[in-house]
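Welcome to a short guided tour. Keep your viewer open, get ready to select residues by number, and follow along stop by stop.

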Amino acid sequence: TEEEVIESTEEVIETEEEETDAEDTNANKGPIDYNEFFKRSDIISENVKITCAAEAEGVTFDLVVEAAGDNARMYYDFGTLVFDMYVTKEKIYAFYEMEGESQWVWAPVESEEDAESIMSMSNTGLVDPETIESINYSGVMDDNGVIIDMVEVISNDGTKALYYVNNHTEKIVKCEMDQAGITMVMNFEEIESIEIPAEAESLATETTSEEVAMLMLGVMLGGANAFE
């Protein structure tokens with residue numbers, strides 16, 4: 001009937017519109033002003049997971065930094081030294097493996113400064129705009145239809161970083177960095193939330209935020225010594 005023909009035609013038009021919308025989500029927005037880009041605060045997602053693999057003189061380590069809502073996570077793995085910390089509004093949970101010992105601990109968050117000072121010890125891999133010496137657009141690549149800009153950033157301390165930026169979302173998706181003989185590859189992905197492991201809730205013994213910070217520092221220094 002005529003009504004059926006009209007309905008089927010409308011369905012075809014709607015399907016075509018949906019396909020066009022899907023294509024537009026990856027559309028190239030055109031040139032981004034990278035001289036201003038690294039001064040912005042929105043170049044990584046608010047809810048983000050940064051996975052970093054670092055290597056120097058044959059020694060490797062893994063680092064993960066996550067932030068989502070009121071929760072954050074930081075994970076270091078130097079092989080024999082491990083530190084895994086979860087920060088919530090009320091509590092800090094941490095797992096450490098050091099000198100043959102391993103344990104879950106927790107500490108109350110007494111102030112926002114407590115949590116912020118501990119998390120600030122991590123390096124998110126983002127360049128400090130104040131230290132940038134030069135920014136060079138290095139080209140473009142097509143990642144399954146997603147346009148990725150490649151931008152080289154050189155800092156005044158000699159650090160070289162190649163950033164991969166999604167041209168449509170204007171977010172960093174990857175960074176390859178060379179700093180004082182240490183090479184790092186960081187991948188950035190958007191996440192929805194951070195789950196606190198069941199072991200943290202059931203196995204952790206109480207301590208203080210100062211003690212958690214000292215444990216973290218011990219692992220970081222031990223890992224740094226492995227690179228020397």
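**Stop 1: a helix and its surface patch**

Start by selecting residues 209–226: this is helix H5, and Leu217 lies in it. Helices here are DSSP runs of H or I with at least four residues, just as strands are runs of E with at least two, and both are numbered from the N terminus.

Before you go further, note that this is a predicted model, in which local features need pLDDT of at least 70 and side-chain atom pairs count only at pLDDT 80 or more, while totals for chains, interfaces and linings use all residues. Residues are numbered from 1 along each chain as its sequence is written, and side-chain values use heavy atoms, with hydrogens and water left out.

Now add Met214 and Leu221 to Leu217: these three make a nonpolar surface patch of about 290 Å². Patches are built from residues with over 30% relative accessible area and no salt bridge, joining nonpolar side chains (Val, Leu, Ile, Met, Phe, Trp, Tyr) within 5 Å and like charges within 9 Å. Areas come from the Shrake-Rupley method with a 1.4 Å probe, and for residues only the protein chains shown count as cover. Leu217 has a relative accessible area of 34%, so it is partly exposed; buried means under 20%, exposed over 50%, and partly exposed in between (1.4 Å probe, protein chains only).

**Stop 2: salt bridges**

How many salt bridges are there? The count comes to 6, each being a side-chain nitrogen of Lys or Arg within 4 Å of a carboxyl oxygen of Asp or Glu.

Select Arg40 and Asp42, whose closest N and O atoms are 3.0 Å apart in a salt bridge. Arg40 is partly exposed at 30%, and Asp42 is partly exposed at 35%. Add Glu170 to see a network of salt bridges linking it with Arg40 and Asp42.

Next, pick Arg73 and Glu66. Their salt bridge has its closest N and O atoms 3.1 Å apart. Are these two buried or exposed? Arg73 is buried at 14%, and Glu66 is buried at 9%.

**Stop 3: the nonpolar cores**

Finally, show Phe38, Tyr76, Phe83, Met85, Tyr163 and Ile172: they touch the most other members of the largest nonpolar core, which has 44 residues. A second, separate core has 13 residues, including Ala68, Tyr75, Ile191 and Ala200. A nonpolar core is a set of buried Ala, Val, Leu, Ile, Met, Phe, Trp, Tyr and Cys residues joined through side-chain atoms within 4.5 Å.
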